[in-house]
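Here is a friendly walk through a two-chain model for someone meeting it for the first time. Have a look at the sequence and the structure, then read on.

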Amino acid sequence: MKVTTKLWIGIGILILLSPLGLILPERFKAGDAWGEWGLDGIKELVGYIPQGLEKLAELWSAPLPDYAFKGWEEKGLGSLSFAYIISAIVGIAVVVLAAFLIGKLLSKKE
Amino acid sequence: MHIPDGYLGPATSGVMYAAMLPIWGLAARMVKETLNRRQVPLLAIAAAFSFLIMMFNVPIPGGTTGHAVGAVLAAILIGPWAACIAVSVALIVQALLFGDGGITAIGANCFNMAFIEVFAGYYIYKVISGSSAITSARRVIAAGIAGYAALNLAALTTAIMFGLQPLLQKTASGESLYCPYGLGVAIPAMLGEHLLIFGWVEAIVTALVVKYLQKQDARLLETLKEVRA
């Protein structure tokens, strides 16, 4: 088997394992990454919501916010893990497509 | 390490976009000169791996989370210019589709993770590897050290961007308009957690994959020479 094939299989396995990135922080009661708090979180931390931050924070409405489906914020870890895997698949499909397109455009023909 | 919308003022976001545009342009030119068609799948794998490894949030119990970036691995595999493009693609998709990192901060996030980390990691790996054989243990260690150091450098530049905000924009009453924490808080917080935990994750991931590739097909690691030539 070609090594690139093995690497793609590795990526497939990692996709299935990706919910670990959701479950472990939950288990160990770890919160947001530093500097990535939501508006509520920041108010709790510093006592106010910076005015400019408040204006810009909701600027972009991502189709799969935080690697989940919209309106699924209150769902259990099982559903969220499922959404996480779907997000990984969608994200990687787009990334790979974009990378191949850019690669084809830029690479030398041999 | 993904700066969200609202944490950077327009000056910082603008400067970072302005910095990245010529870097992306140069990257496209360099890749055009050096990338062989058969290396394109590696570009896609590097981008996919970077995207995916960033989803593996590692917790500090009771504290924050963080993750590896895979940028140094990408640089070792396909060279720094192609890696810059690969990691940028991952970051842009994360921002647009998943709201991970702000769209106003794409320039800043790409600067930290797709430029600083990629190039720092690449040169550290190169210097430590020296002229050692492609399958030598020295290269595995070099990959680990490069991963650790470069991720921390990216954490530092990210922290500086955060920490500059209260200095740059303030209301009359002294509240920050954007990121509320100054350099004195941002740098120890960001650097501390990356030195302590997340840097090691990047180190281990980078070293393990390099070791795996040495065993499987060391020629993949030699593509670096062709890319540079």
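Let's start in a loop. K29(A) sits in the loop between helix 2 (20-27) and helix 3 (39-46) of chain A; helices here are DSSP runs of H or I with at least four residues, strands are runs of E with at least two, and both are numbered from the N terminus. This is a predicted model, in which local features need pLDDT of at least 70 and side-chain atom pairs count only at pLDDT 80 or more, while totals for chains, interfaces and linings use all residues. Residues are numbered from 1 along each chain as its sequence is written, and chains are lettered from A and ligands numbered from 1 in the order in which they are written.

**Two loop residues with positive phi**

Most residues other than glycine have a negative phi. K29(A) goes the other way, with a phi near 50°. K29(A) has 11 other C-beta atoms within 10 Å, so it is exposed. On this scale a residue is exposed with 12 or fewer other C-beta atoms within 10 Å of its own, buried with 20 or more, and partly exposed in between, with C-beta atoms placed from the backbone.

D66(A) also has a positive phi, near 55°. You'll find D66(A) in the loop between helix 4 (51-57) and helix 5 (77-106) of chain A. With 16 C-beta neighbours inside 10 Å, D66(A) counts as partly exposed.

**The two chains**

Chain A has five helices and zero strands, so to speak an α-α-α-α-α pattern when read along the sequence. Its radius of gyration is 19 Å, well over the 13 Å that the globule rule gives for 110 residues, so chain A is more spread out than a compact globule. The radius is taken over C-alpha atoms, and the rule is 2.2 Å times the number of residues to the power 0.38.

Chain B brings eight helices and two strands. From the N terminus on, its elements run α-α-β-β-α-α-α-α-α-α. With 229 residues, a compact globule would have a radius of gyration near 17 Å, and the 18 Å of chain B agrees with that.

Here are some whole-chain values. Contact in the last column means that the C-beta atoms of two residues, placed from the backbone, lie within 7 Å.

| Chain | Span along principal axes | Buried residues | Share of contacts (separation of 6 or more) between residues 24 or more positions apart |
|---|---|---|---|
| Chain A | roughly 60 × 35 × 25 Å | 27% of 110 residues | 53% |
| Chain B | about 60 × 40 × 30 Å | 62% of 229 residues | 75% |

**Where the chains meet**

How many residues does each chain put into the contact? Chain B gives 62 residues and chain A gives 58 residues. On the chain B side, helix 1 (10-34), helix 2 (40-53), strand 2 (65-66), helix 4 (80-98) and helix 7 (183-217) each supply at least two residues. Helix 2 of chain B gives the most, with 10 residues. The chain B side divides into 38 nonpolar, 18 polar and six charged residues. Ala, Val, Leu, Ile, Met, Phe, Trp, Tyr, Cys and Pro count as nonpolar, Asp, Glu, Lys and Arg as charged, and the others, Gly among them, as polar.

Now for one helix pair across the chains. The axes of helix 5 of chain A and helix 2 of chain B come within 8 Å and cross at roughly 150°. Axes are lines fitted to C-alpha atoms, for helices over the stretch in contact, and angles run from 0 to 180 degrees between N-to-C directions. The two helices are therefore roughly antiparallel to each other, a label for angles over 145 degrees. Their crossing is right-handed, meaning that the near helix is turned clockwise from the far one by less than a right angle.

Among the residues that meet here are G91(A), V95(A) and F100(A) in helix 5 of chain A and A44(B), A48(B) and F51(B) in helix 2 of chain B. This contact divides into 13 nonpolar residues, two polar and one charged.

**A pair inside chain B**

Helix 4 and helix 5 (residues 106-129) of chain B pack at an angle of about 150°, with their axes 9 Å apart. These helices of chain B are therefore roughly antiparallel to each other, and their crossing is right-handed. The residues making the contact include C84(B), V87(B) and L91(B) of helix 4 and C110(B), M113(B) and F119(B) of helix 5. They divide into 15 nonpolar, two polar and no charged.

How values were computed. Angles under 35 degrees count as roughly parallel, over 145 as roughly antiparallel, 65 to 115 as roughly perpendicular and the rest as oblique.
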